[in-house]
Amino acid sequence: MTWTLGQLRTFVTVAELGSMTRAADHLGYSVGAVSQHITALRKVVASDLFVRRGRGLILAEAGRTLLPRARNILAAQQQAEMAMLGRDFRSEAIVTLGVFGSASTTALPQVVARLKRRHPDIEVRAREIDVETMSASVIDGVIDLGIGINYPAVPLPPMRGLRWEAVAAEDFGIVVPTGRPRPCAAELAEADWILPPAEELFGRAMRLATSAMGINAKETHIVTDTAVALALAGTGLGLTLATPIMMSLGGRGVELHPVTEAGGREIIVLTSPDPSEPVSAVAEVVAEVFE
């Protein structure tokens, strides 16, 4: 087989971003050049590397097989370049960590800082992944491990090629503008609610939570982005639910009133069933940060 480092770099970038257009922007190429790289690589491996899902691209079976090996080849090439400059990278490892909004702001800086102190030979690279697809991203090899969410009221099903461990648990609470008292039962029942889409795990968990509070929430505003939902709640437009970690996206305009009967969520770390030593080391640090 004959491929180029440029083709492999383009392939990895498309796999991580899920789009030739985004990959082209990231690499500074034209979309046509990215397409040519992927087509040439496809001819080399004699199989499709991607399949289309909606507006994006996901890895086909051949792509899932190639991705971790392509990363290793590119890492080895980088290590060789650095070695020529007098640096010893014989034991360096690159680990790709999938994160989502509140996990990025809360945990990532601490994870990176601790790894530098404890495992200076491991470089962690973060990739923002939709939390709803974090499991699939680990299984498909798009990321080495991910920080995800499990809702006990809507638990994740067992998945082949995936292992996960709960590292923290937190309860839902009612989000209101700063200085407002906790709404009474009648106010909760009459209020407009800001909720995520019902087809998402988070949306189903939120609706079960409001039911557990004894109300039939009036779904006035359907909002996917947590930061937007918190901002709208801060204006008094409606009520929503969040957890302490989620509140890191909300700023000073909102505050949280805990409601233990509403249930909550678990922060989980997802890996393959047999992760490498560097991946296990990163997973251990992530778990410590959330303790």
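Select arginine 265 to begin; this residue sits in strand S12, which covers residues 264-271. The model on screen is predicted. Arginine 265 is buried, with a relative accessible area of 4%.

**Stop 1: around arginine 265**

Show the side chains of glutamate 170 and threonine 243 as well. The arginine 265 side chain makes a polar contact of 2.8 Å with the side chain of glutamate 170. A polar contact to the side chain of threonine 243 comes to 3.3 Å. Now display the residues that arginine 265 touches, leaving out those up to four places away in sequence: among them are Phe100, Ser102, Ile149, Asn150, Pro152 and Met246. Tyr151 is also one of the residues touched by arginine 265, and it leads to the next stop.

**Stop 2: the aromatic cluster**

Select Tyr151, Phe172 and Phe202, which form one aromatic cluster. The whole structure holds three aromatic pairs. How are the rings of tyrosine 151 and phenylalanine 172 arranged? Their centres are 6.5 Å apart and their planes are at 20°, so the pair is stacked. Tyrosine 151 lies in the loop between strand S5 (145-150) and strand S6 (163-171), while phenylalanine 172 lies in the loop between S6 and strand S7 (173-177), so the pair ties together parts that are 21 residues apart in sequence.

Turn to phenylalanine 202 next. The ring centres of tyrosine 151 and phenylalanine 202 are 5.9 Å apart, with the planes at 10°, so this pair is stacked. It links distant parts of the chain, since tyrosine 151 is in the loop between S5 and S6 and phenylalanine 202 is in helix H9, 51 residues apart.

Are these rings buried or exposed? Tyrosine 151 and phenylalanine 172 are both buried. For tyrosine 151 the relative accessible area is 5%. Phenylalanine 202, at 10% relative accessibility, counts as buried.

**Stop 3: the unit that contains helix H9**

Keep H9 on screen and add the strands S8 and S9. Strand S8 (residues 192-195), helix H9 (residues 201-212) and strand S9 (residues 218-222) make a right-handed β-α-β unit. S8 and S9 pair in the parallel sense, over four bridges. To see the pairing in register, select leucine 195, which stands opposite isoleucine 222 in S9.

Then select alanine 185, in helix H8 (residues 185-190). This alanine is exposed, with a relative accessible area of 57%. Draw a distance from its C-alpha atom to that of glycine 214: the two are separated by 8.3 Å and are 29 residues apart along the chain.

**Stop 4: the nonpolar core**

In soluble globular proteins, nonpolar side chains tend to be buried together. Here the largest nonpolar core has 86 residues. Which of its residues touch the most other members? Select Phe11, Phe50, Leu97, Ile147, Trp193 and Phe290. Helix H11 (residues 277-290) gives the most to this core, with nine residues.

Centre the view on phenylalanine 290. Setting aside residues up to four places away in sequence, phenylalanine 290 touches Ala107, Ile147, Val167, Ala168, Ile245 and Ile267. Ala168 and Ile245 also appear among the residues touched by arginine 265, the starting point of the tour.

**Stop 5: helix H2 and its two ends**

Move to helix H2 (residues 20-27) and select serine 19, which caps the N-terminal end. A side-chain oxygen of serine 19 lies 3.1 Å from the backbone nitrogen of threonine 21. Just after H2, glycine 28 takes a positive phi of about 80°.

Leucine 27 lies in H2 and counts as partly exposed, at 21% relative accessibility. Apart from neighbours within four places in sequence, leucine 27 is in contact with Arg9, Thr10 and Thr13. From leucine 27 to asparagine 150 the C-alpha distance is 34 Å, and the two are 123 residues apart in sequence.

**Last stop: the whole protein**

Zoom out to the full chain. The secondary structure comes to 11 helices and 12 strands. The C-alpha atoms fill a box of roughly 70 × 40 × 35 Å, taken along the principal axes. Of the 291 residues, 45% are buried. Among contacts with a separation of 6 or more, residues 24 or more positions apart account for 73%.

Key:
Residues numbered from 1 in each chain as written. Heavy atoms only, no water. Pairing = 2+ DSSP bridges. Helix = DSSP H or I, 4+ residues; strand = E, 2+ residues; numbered from the N terminus. Right-handed = clockwise from strand over helix to strand, strands pointing away. Phe/Tyr/Trp six-rings, centres within 6.5 Å; stacked < 30°, edge-to-face > 60°. Buried < 20%, exposed > 50% of the residue type's maximum accessible area, 1.4 Å probe, protein only. Core = buried A, V, L, I, M, F, W, Y, C linked by side-chain atoms within 4.5 Å. Contact = heavy atoms within 4.5 Å. Polar contact = N/O pair within 3.5 Å; in protein donor to acceptor, adjacent residues only side chain to side chain.
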